[in-house]
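User: I would like to go through this model in short questions, with the reasoning given each time. Please end each reply on the value or name I ask for.

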Amino acid sequence: MGCLRFLLLLMQKKDSFESLVMEHIRLNGAYWGLTTLDLLHKLDAVDADEVIQWIMSCYHPESGGFGGNVGHDPHVLYTLSAVQVLCLFDRLDVLDVDKVADYVSGLQNEDGSFSGDIWGEVDTRFSYIVICTLALLHHLHKINVQKAVDYIVSCKNLDGGFGAMPGGESHAGQIFCCVGALAITGSLHHIDRDLLGWWLCERQCKEGGLNGRPEKLADVCYSWWVLSSLIMIDRVHWIDKDKLAKFILNCQDKENGGISDRPDNAVDIYHTYFGVAGLSLMEYPGVKPMDPAYALPLDVVNRIFLRKRD
Ligand code: GRG
């Protein structure tokens, strides 16, 4: 797979266009790139100490959160990315875990929802992010889980899907967040699996790729958002996996590596990650299996939870 070549080149081209447009989300980009490397059994292509040192330079010791880049304000998204990358390298020991857990849990609102940062935007993405971060840190007890679950359930629609807020349109990305958060908290009984499974498998377009909601174009990233949700509700067999795998592989740049949103478009790290992650969920040969709820390789997740129980 040419993805590896693409990723290694991207790491060297620090002043390239791709690198500049990702300036404000660099930590999120690091999670996409490094997880892809790990899925391809190549995490040792990077210098772990150098990565960890850079991750920690995005940390704000006063708040306990991480910014998207050095000197950027903290936000729950980058805090999750930092925790996920540290999990990949088995280096959570560099964190003041209580402080980080206090930062994300402090963003829970009275109604159980979560804000992304001090500016207060509320979205079910942030519910997932905080719940996933706290679970990886073994600190879920720091939030009111029942209220968090009730809020997510209040964002469920008549079509079985979930939106960004109560009454918000069902969208595959938000569905991943809500199903993931419900899976992590052991609350999947709130989901009508057949109804949601039907809505999700209807996302497969003629050409085999998946879209994020009705009447929209297929995009490689939905291979992750839709498939992971279908796996969590045990309905992944409702998708034609061969057609989807062919669609993803057709989005590769066969000369320079990497994966794009649709065939013949320019590749980027976001679609490269979600393409490889989608292939992983379909047990593609040579790609490590992934955990659909934590969005990390399964061996990494097992290491975190099995070690805790020792
Ligand atoms: C750890 C994997 C992981 C995620 C962290 C940030 C986050 C939690 C989840 C984001 C979920 C989400 C909303 C994904 C959708 C992203 C996307 C492609 C949005 C595009 O929306 P539109 O309306 O595109 O521009 P469509 O495809 O609907 O035309």
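User: Start with helix H7: how many residues does it have, and what is its reach from first C-alpha to last?
Analyst: This is a predicted model. Helix H7 covers residues 124-136, which is 13 residues. The span expected at 1.5 Å a residue is 18 Å, and the helix comes close to that. Its reach from the first C-alpha to the last is 18 Å.

User: Is H7 mostly covered or mostly open, and how many of its residues are buried?
Analyst: Buried residues have under 20% relative accessible area. In H7 those below that cut-off include Phe126, Tyr128, Ile131 and Leu134, and also Thr124, Ser127 and Cys132. The helix is mostly covered, and the number of buried residues is 12 of 13.

User: Which residue caps the N-terminal end of H7?
Analyst: The cap is a contact between a side-chain oxygen and the backbone nitrogen of Arg125. The two atoms lie 2.7 Å apart. The residue that supplies the oxygen is Asp123.

User: H7 is followed by a residue with positive phi; which one, and is it buried, partly exposed or exposed?
Analyst: The residue is His138, in the loop between H7 and helix H8 (145-153). Its phi is about 60°, although His138 is not a glycine. Buried ends at 20% and exposed begins over 50%. His138 has 28% relative accessibility, so it counts as partly exposed.

User: Where does Ala295 lie, and what is its phi?
Analyst: Ala295 sits in the loop between strand E4 (290-291) and strand E5 (296-297). The residue is buried, with a relative accessible area of 5%. Its phi is positive although the residue is other than glycine, and the value is near 55°.

User: Which residue has a side chain in polar contact with that of Ser113?
Analyst: Ser113 belongs to the loop between helix H6 (97-105) and H7. It has a relative accessible area of 1%, so it is buried. The side-chain contact spans 2.7 Å, and the partner is Asp111.

User: In the sheet E1-E2-E3, which strands stand at the edges?
Analyst: The three strands form an open sheet with antiparallel pairing, in the order E1-E2-E3. An edge strand has a single partner, so one side of it is left without a neighbour in the sheet. The strands in that position are E1 (59-60) and E3 (74-75).

User: What is the bridge partner of Phe66 in E3?
Analyst: Strand E2 (residues 65-67) runs antiparallel to E3 and is joined to it by two bridges. For Phe66, the partner in E3 is His75.

User: How many disulfides does the model have?
Analyst: A disulfide needs two cysteine sulfur atoms within 2.5 Å. For Cys58, which is buried at 1% relative accessibility, the nearest cysteine sulfur is that of Cys87, 17 Å away. Cys205, buried at 16%, has its closest cysteine sulfur in Cys251 at 12 Å, too far for a bond. The count of disulfides is zero.

User: Which helices give two or more residues to the lining of the second largest pocket?
Analyst: This pocket has a volume of about 560 Å³. Its lining comprises 25 residues, and those nearest the centre are Asn28, Leu77, Arg125, Trp225 and Phe274. The helices giving two or more residues are H3 (26-39), H5 (76-88), H7, H9 (172-184), H11 (221-232) and H13 (269-281).

Note on methods: Residues are numbered from 1 along each chain as its sequence is written. This is a predicted model: local features need pLDDT of at least 70, side-chain atom pairs count only at pLDDT 80 or more; totals for chains, interfaces and linings use all residues. Side-chain values use heavy atoms; hydrogens and water are left out. Buried means under 20% relative accessible area, exposed over 50%, partly exposed in between (1.4 Å probe, protein chains only). Helices (H or I, at least four residues) and strands (E, at least two) are DSSP runs, numbered from the N terminus. The expected span of a helix is 1.5 Å times one less than its number of residues. A polar contact is a pair of N or O atoms within 3.5 Å; within protein, one must be able to donate a hydrogen and the other to accept it, and residues adjacent in sequence count only if both atoms are side-chain atoms. Two strands pair if DSSP finds at least two bridges between them. On a 1 Å grid over the protein atoms alone, a cavity is a set of points where a 1.4 Å probe fits but cannot get out, and a pocket is an open set with protein on both sides within 12 Å along at least five of seven lines; lining residues have an atom within 4 Å of a point. Grid points are joined across faces, edges and corners, and a volume is the space filled by probe spheres set on the points.
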